[in-house]
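Here is a short report on one protein chain. It moves from strand pairing to the core, and then to a patch on the surface.

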Amino acid sequence: MLHDRVLVRTDIPEGERRSSGGIVIPATAAVGRRLAWAEVVAVGQNVRTVEVGDRVLYDPEDRAEVEVRGVAYVLMRERDLHAVAAERLEGAEDSTGLYL
């Protein structure tokens, strides 16, 4: 990984989704702008706020997909991340484990 790039693996495959009530939402359903969670699998040497293993919130519309050994990943700049959920933050006093 170079510079400020972050490589992530998405949590949910695209296509049908299931609501919390169990309703199946087809892939063709129009949904407003929705952010998605992913797990960081690699970071560039200039990345300062995330580490491998962190979960990050990003906009799926602003992404560049790449396939490595048959697995699809998303490549983005660190500045395109909206939030980070990291276990290293959960132990801190008055911390939710999330930072924006």
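Which residue of E5 does Ala-38 stand opposite? The coordinates come from a predicted model. In that model, Ala-38 faces Val-56 in E5.

**Overall layout**

The protein has 100 residues, and 25% of them count as buried. One helix and nine strands make up its elements. From the N terminus on, the order is β-β-β-β-β-β-β-β-α-β. Take the contacts between residues at least 6 apart in sequence: 61% of them join residues at least 24 apart. The exposed area of the protein is about 7200 Å². Carbon and sulfur atoms supply 49% of that area.

**Strand pairing**

E5 pairs with E4 and also with E8. The table lists these pairs together with E6 and E7.

| Strand pair | Sense | Bridges | Residues opposite each other |
|---|---|---|---|
| E4 and E5 | antiparallel | four | Ala-38 and Val-56 |
| E5 and E8 | antiparallel | four | Tyr-58 and Leu-81 |
| E6 and E7 | antiparallel | five | Val-68 and Val-71 |

E6 covers residues 64–68, and E7 covers residues 71–77. The two strands form a hairpin with two residues between them. Arg-69 in this hairpin takes a positive phi near 50°.

**The core**

The largest nonpolar core holds 14 residues. Those with the most contacts inside it are Val-6, Val-8, Val-50, Val-56, Tyr-58, Met-76 and Leu-81. Five strands each give two or more residues to this core: E1 (5–10), E4 (36–43), E5 (55–58), E7 and E8 (81–85). E4 gives the most, with three residues. The bridge partners in the table link back to this list. Val-56, opposite Ala-38, is among the core residues with the most contacts. So are Tyr-58 and Leu-81, which are bridge partners across E5 and E8. In soluble globular proteins, nonpolar side chains tend to be buried together.

**The surface patch**

Which residues form a nonpolar patch on the surface? They are Met-1, Val-66, Val-68 and Leu-75. Together they have about 280 Å² of accessible area.

Why is Val-68 not counted as buried? Its relative accessible area is 39%. Buried means under 20%, and exposed means over 50%, so Val-68 is partly exposed. Val-68 lies in E6, and its bridge partner in E7 is Val-71.

Terms used:
Residues are numbered from 1 along each chain as its sequence is written. This is a predicted model: local features need pLDDT of at least 70, side-chain atom pairs count only at pLDDT 80 or more; totals for chains, interfaces and linings use all residues. Side-chain values use heavy atoms; hydrogens and water are left out. Patches are made of residues with over 30% relative accessible area and no salt bridge: like charges are joined within 9 Å, nonpolar side chains (Val, Leu, Ile, Met, Phe, Trp, Tyr) within 5 Å. Accessible areas come from the Shrake-Rupley method with a 1.4 Å probe; for residues, only the protein chains shown count as cover. A salt bridge is a side-chain nitrogen of Lys or Arg within 4 Å of a carboxyl oxygen of Asp or Glu. Buried means under 20% relative accessible area, exposed over 50%, partly exposed in between (1.4 Å probe, protein chains only). Two strands pair if DSSP finds at least two bridges between them. A nonpolar core is a set of buried Ala, Val, Leu, Ile, Met, Phe, Trp, Tyr and Cys residues joined through side-chain atoms within 4.5 Å. Contact means heavy atoms within 4.5 Å.
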